[in-house]
Amino acid sequence: MEADVYTRVKFSVKHTLKIDLENYKDEQMKRRLDSWLARSKVDTWQEYFSMLSTDAIELERFRNYLTINVTEFFRDQPRWDSLCQDILPYLIKNAAENRSFGGLKFWSAGCSIGTEAYSLALMMAEAAPSQKYDLLATDLHRGALLKARAGGPYSEGDLRNLSVTQRKKYISSVTPFFVSETLKKNIRFEEQDLLAAPFEKDFDLIVCRNVVIYFTAEAKDKLYAKFYAALRPGGVLFVGGTEIISGAAKYGYQNFGISFYRKSLGN
Ligand SMILES: C[S@@+](CC[C@H](N)C(=O)[O-])C[C@H]1O[C@@H](n2cnc3c(N)ncnc32)[C@H](O)[C@@H]1O
């Protein structure tokens, strides 16, 4: 894609979808856009955007494509096992030792259709049923959030990492598959652009997985610094299976096992 065409596409995407492609890696995004246009029914971006102005379904498809909201329950299961067996007991102990109120505060940042937030809720229901917690789950994709708030419907594929017992206990038994009310009760779903909005504070755990892969180095840099400020002392950031924060120490993070970074206890 020519640079001037990309500039115009970025402008139109910002105008129609409120997504700022300046924060996404150029070459990958151009390739993705080229292949999207090639698969569409029109030949130029001008025609495509004029079609979007009257076609709400296509607009949603395009938004889904740009934000890449692929997800499932307990994505990269071994990392969730570490979260449950190592990190959660540490967070509970840290909260009990350092605060009068021992409730935990979690955030699923870039939660897509809610599978990540419900995985956290399910983990809490099984591993720490009496532990109080509050869970914020955010995404910039309104359609994904609608599904997240409704607790489904989820596909067999979304649910494939759940055991038979978990399916019986927490998911409706016939299609359409929805999560049970038990998993919903501590979650607040909110619309938010991670690259624009101010963040809440005092999180014990921030889960931000498979969201930053297409962000520029500058966008990631800002985000990791903002996450650091949003964590409590001793709080933990949980990233995706293929993500590594390069120079984590410059933000203040300590490596805390594969995919986990901890804020120091001192500040
Ligand atoms: C691939 S999904 C990951 C979902 C989930 N975290 C997981 O790992 O299964 C990426 C999500 O990030 C969201 N996203 C992308 N850019 C974002 C931004 N700037 N602010 C908030 N969410 C964003 C997308 O809408 C999408 O739902």
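Which residues in H5 meet which residues in H6? The views below, taken from a predicted model, begin with that pair of helices and then move on to other parts of the chain.

**View 1. Helix H5 and helix H6 pack against each other at an angle of about 50 degrees.**
Two packed helices are described by the angle between their axes and the distance between the axes. Helix H5 covers residues 77–98 and helix H6 covers residues 115–127, and their axes are 11 Å apart. The two helices are therefore oblique to each other, and their crossing is right-handed. On the H5 side the residues that take part are Trp80, Leu83, Cys84 and Leu88, and they meet Glu116, Ser119, Leu120, Met123, Met124 and Ala127 of H6. Sorted by class, this contact has eight nonpolar residues, one polar residue and one charged residue.

**View 2. Lys30 and Glu27 form a salt bridge inside helix H2.**
The closest N and O atoms of Lys30 and Glu27 are 3.5 Å apart. Both residues lie in helix H2, which runs over residues 26–39, and they are three residues apart, about one turn of the helix. Lys30 has a relative accessible area of 14% and, because this is under 20%, it is buried. Glu27, with a relative accessible area of 49%, is partly exposed. In the whole model, the count comes to 18 salt bridges, and the next views show further examples.

**View 3. Arg209 and Asp76 are joined by a salt bridge.**
In this pair the closest N and O atoms are 2.7 Å apart. Arg209 lies in the loop between strand E4 (203–208) and helix H10 (217–230), whereas Asp76 lies in the loop between helix H4 (56–67) and H5, so the salt bridge ties together parts that are 133 residues apart in sequence. Arg209 is buried, with a relative accessible area of 4%, while Asp76, at 30% relative accessibility, counts as partly exposed.

**View 4. A salt bridge between Asp134 and Arg188 belongs to a network of salt bridges.**
The side chains of Asp134 and Arg188 meet at 3.0 Å, from N to O. Because Asp134 lies in strand E2 (residues 133–139) and Arg188 in strand E3 (residues 187–191), the pair ties together parts that are 54 residues apart in sequence. Asp134 counts as partly exposed at 27% relative accessibility, and Arg188 is partly exposed as well, with a relative accessible area of 28%. The network links Lys105, Asp134, Arg188, Glu190 and Glu200.

**View 5. Glu200, a member of that network, is found in the loop between E3 and E4.**
With a relative accessible area of 28%, Glu200 is partly exposed. When residues up to four places away in sequence are not counted, Glu200 touches Lys105, Leu136, Arg188, Glu190 and Ala230. Glu200 and Ala230 are 30 residues apart along the chain, and their C-alpha atoms are separated by 6.3 Å. The loop between E3 and E4 also holds Asp202, a residue other than glycine with a positive phi near 65 degrees. Asp202 is partly exposed, its relative accessible area being 40%.

**View 6. Two cis peptide bonds lead into Pro153 and Pro176.**
Gly152 and Pro153 are joined by a cis peptide bond whose omega is about 0 degrees, and Pro153 is found in the loop between helix H7 (142–150) and H8. From Thr175 to Pro176 the peptide bond is likewise cis, with omega near -5 degrees, and Pro176 is found in the loop between H8 and H9.

**View 7. Ser180 sits in the loop between helix H8 (164–170) and helix H9 (181–184).**
Ser180 has a relative accessible area of 19%, and because the cut-off for buried is under 20%, this residue is buried. Leaving aside neighbours within four places in sequence, Ser180 is in contact with Lys169 and Tyr170.

**View 8. Lys18 has a positive phi of about 60 degrees, although this residue is not a glycine.**
Lys18 has its place in the loop between helix H1 (3–17) and H2. Is Lys18 buried or exposed? Its relative accessible area is 63%, which means that Lys18 is exposed, the cut-off being over 50%.

Key. Residues numbered from 1 in each chain as written. Predicted model: local features only at pLDDT ≥ 70, side-chain atom pairs only at ≥ 80, totals over all residues. Heavy atoms only, no water. Helix = DSSP H or I, 4+ residues; strand = E, 2+ residues; numbered from the N terminus. Buried < 20%, exposed > 50% of the residue type's maximum accessible area, 1.4 Å probe, protein only. Contact = heavy atoms within 4.5 Å. Axes fitted to C-alpha atoms, helices over the stretch in contact; angles between N-to-C directions. Parallel < 35°, antiparallel > 145°, perpendicular 65-115°, else oblique. Left-handed = near helix turned anticlockwise from the far one by under 90°. Nonpolar A, V, L, I, M, F, W, Y, C, P; charged D, E, K, R; others polar. Salt bridge = Lys/Arg side-chain N within 4 Å of Asp/Glu carboxyl O.
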